Amino acid sequence: MSTNGWVSTSMPYLAPREPGQPDAWNAETVARGRRGSQRVVHAGEVSAPARVAELLGLAEGEDVVVRRRVMYLEGEPCELTDTYYPTSIARGTRLAGTAKIPGGAISLLAELGHVGALVREDVTARMPDTEARDMLRLDPDEPVLLLHRVTLDREGKPIQADLMTMPAHRQRLRYEIEIG
């Protein structure tokens, strides 16, 4: 499969892009000589699932804005990404719509005055549910990695939560941490 050997790092997805630059996913795939795309399958207000409420510091069921996307590498689905925002940040903005956001959502958040200063990520593995298995075109015995990320601003306020599902056999996560 064409997505084998993909190594993913979080850093390109955490900082705003310069005006006119492509979103981080397209920039990363082009830099590696690959073709990446994404499709927003849903955007708008929903009730916060328990994990999202926990990450964003909200009550379960409180309204949030979500952008649900399928990420593609060389035309093959390689990741499901649901990104959630507090309604106080995203209601009535392009984050609540399905249209492509020039430069990506992180750049729009920065334009709106919300810049991330700290990110926490948790990675776990499990067998996919039926929907994820179908959307990622997986066999029943293929596990997925779940990456849950929360981005906080300088005051420690959550501004974004991401729930990502990736085929474990097609993905390697790399973390580089600068010390000092």
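## A chat about the sheet and its loops

Analyst: Glu74 lies in the loop between E3 and E4. Please note that this is a predicted model.

User: Which sign does the phi of Glu74 have?

Analyst: Glu74 has a positive phi of about 55 degrees, although it is not a glycine. Most residues other than glycine have a negative phi.

User: And is Glu74 buried, partly exposed or exposed?

Analyst: Glu74 counts as partly exposed, because its relative accessibility is 27%.

User: What joins the strands on either side, E3 and E4?

Analyst: Strand E3 (residues 63-73) and strand E4 (residues 76-86) run antiparallel and are joined by 10 bridges. One bridge partner pair is Val66 with Tyr84 in E4.

User: In what order do the strands of the sheet come?

Analyst: The order is E2-E3-E4-E7-E6-E5, with six strands forming an open sheet and antiparallel pairing. Strand E2 (36-47) and strand E5 (118-126) are the edge strands, each pairing on one side only. On average, neighbouring strands of this sheet are turned by 15 degrees against each other, direction ignored.

User: Back to E4: where does Asp82 sit, and why does Asp82 count as buried?

Analyst: Asp82 is in strand E4. Asp82 counts as buried because its relative accessibility is 19%, and the cut-off for buried is under 20%.

User: Which side chain makes a polar contact with that of Asp82?

Analyst: The side chain of Arg68 does, at 3.3 Å. Asp82 also touches residues including Val66, Ala161 and Leu163.

User: Where is Arg137?

Analyst: Arg137 is in the loop between helix H5 (130-135) and strand E6 (144-152). Arg137 has a positive phi of about 55 degrees and is not a glycine.

Note on methods: Residues numbered from 1 in each chain as written. Predicted model: local features only at pLDDT ≥ 70, side-chain atom pairs only at ≥ 80, totals over all residues. Heavy atoms only, no water. Pairing = 2+ DSSP bridges. Helix = DSSP H or I, 4+ residues; strand = E, 2+ residues; numbered from the N terminus. Axes fitted to C-alpha atoms, helices over the stretch in contact; angles between N-to-C directions. Buried < 20%, exposed > 50% of the residue type's maximum accessible area, 1.4 Å probe, protein only. Polar contact = N/O pair within 3.5 Å; in protein donor to acceptor, adjacent residues only side chain to side chain. Contact = heavy atoms within 4.5 Å. Lists of a residue's contacts leave out its neighbours within four places in sequence.
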